[in-house]
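Take a look at the model below. Then follow the aromatic rings through it, one pair at a time.

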Amino acid sequence: QPTDDNNNNNKAASSSALLASSSSSASDAPPLRRLPPRKVCLMIEPTPFTHVSGYANRFKEMLKFLAKAGDNVDILTVDAKTPTHDLPHEYRGYPIRHTQGFTFP
């Protein structure tokens, strides 16, 4: 009867083998345009477009790849703090619509 240590070692060895056999690089990624363009609506709160942060970087990176795939994206976001004239109206060619939103007391 195998012990827990042996089971864990076997799992680790099989995981390592799986990773080694499936290791991929950016060049191994599937073609982004192999499927027809999708229609995507992002409703994001708070807005990632008026400040720099990891949160903002994730959305901007996602939009970069949606653009490479040719997807159609509509963005609706909330920003009650930034003056209206300073709000961005597009990112990577995608329109950004803003609403004032509200906060609870």
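**Aromatic pairs**

This predicted model holds two aromatic pairs. A pair of aromatic rings is described by the distance of the centres and the angle of the planes.

Start with Phe49 and Tyr91. Their rings form a tilted pair. The centres lie 5.8 Å from each other, and the planes make an angle of 45°. The angle counts as tilted because it is neither under 30 degrees nor over 60. This pair links distant parts of the chain. Phe49 sits in the loop between strand S1 (39-44) and helix H2 (54-68). Tyr91 belongs to strand S3 (residues 90-91). In sequence, the two are 42 residues apart.

Are these two residues buried or exposed? Phe49 has a relative accessible area of 11%. That is under 20%, so Phe49 is buried. Tyr91 has a relative accessible area of 21%, and is partly exposed.

Now move to Tyr55 and Phe59. Their rings pair edge-to-face. Here the distance is 5.1 Å centre to centre, with 75° between the planes. The angle is over 60 degrees, so the pair counts as edge-to-face. Both residues lie in helix H2. They are four residues apart, about one turn of the helix. Tyr55 is partly exposed, at a relative accessible area of 23%.

Last, consider confidence. The protein averages a pLDDT of 78. A score of at least 70 is reached by 71% of the residues. Over residues 17-23, the pLDDT is below 50. Beyond near neighbours in sequence, that stretch has one contact in the model.

Key: Residues numbered from 1 in each chain as written. Predicted model: local features only at pLDDT ≥ 70, side-chain atom pairs only at ≥ 80, totals over all residues. Heavy atoms only, no water. Phe/Tyr/Trp six-rings, centres within 6.5 Å; stacked < 30°, edge-to-face > 60°. Buried < 20%, exposed > 50% of the residue type's maximum accessible area, 1.4 Å probe, protein only. pLDDT = per-residue confidence, 0-100. Contact = heavy atoms within 4.5 Å.
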